Amino acid sequence: MSYYRKCEDCGCTLDPGEGRICDECAEKMRQKTDRRAVLRKMILSTNYKQMEMEESLR
Ligand SMILES: [Zn+2]
């Protein structure tokens, strides 16, 4: 009996050596994480700019 694992995300069969998700989903996950990091950076810098502006208004 051969055993295979399934991708936790899309349910496709995983190749040996792949983790819990397939390469495709791993790539998607990575891009999502990247986007989130960029978004967080944008929010942080926006807050920073607003703080600077509030600071200069005093
Ligand atoms: Zn997948």
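Which residues does Tyr4 touch, not counting residues up to four places away in sequence? I looked this up first.

**Entry: ground rules.** I am working from a predicted model, in which local features need pLDDT of at least 70, side-chain atom pairs count only at pLDDT 80 or more, and totals for chains, interfaces and linings use all residues. Residues are numbered from 1 along each chain as its sequence is written.

**Entry: Tyr4.** I find that Tyr4 touches Thr13 and Leu14; two residues are in contact if their C-beta atoms, placed from the backbone, lie within 7 Å. Tyr4 lies in the segment before α1. I also took the C-alpha to C-alpha distance from Tyr4 to Pro16, twelve residues apart in sequence, and it is 8.2 Å. Tyr4 counts as exposed because it has 8 C-beta neighbours inside 10 Å. The cut-offs I use are these: a residue is buried if 20 or more other C-beta atoms lie within 10 Å of its own, exposed if 12 or fewer, and partly exposed in between, with C-beta atoms placed from the backbone.

**Entry: Gly11.** I place Gly11 in the segment before α1 as well. Gly11 is exposed, because 9 C-beta neighbours lie inside 10 Å. Between the C-alpha atoms of Gly11 and Cys22, eleven residues apart along the chain, I read 8.8 Å.

**Entry: the helix.** I count one helix and zero strands in the chain; helices (H or I, at least four residues) and strands (E, at least two) are DSSP runs, numbered from the N terminus. Helix α1 covers residues 23–57, which is 35 residues. From its first C-alpha to its last, α1 reaches 51 Å, close to the 51 Å expected at 1.5 Å a residue (1.5 Å times one less than its number of residues). I find zero buried residues among the 35 of α1.

**Entry: Arg36.** I find Arg36 in helix α1. Arg36 is exposed, because it has 10 other C-beta atoms within 10 Å. Its C-alpha is 26 Å from that of Cys12, 24 residues apart along the chain.

**Entry: whole chain.** I note that 2% of the 58 residues count as buried. The C-alpha trace spans about 75 × 15 × 10 Å along its principal axes. The radius of gyration is 21 Å, where a compact globule of 58 residues would have one near 10 Å (taken over C-alpha atoms; the globule rule is 2.2 Å times the number of residues to the power 0.38).
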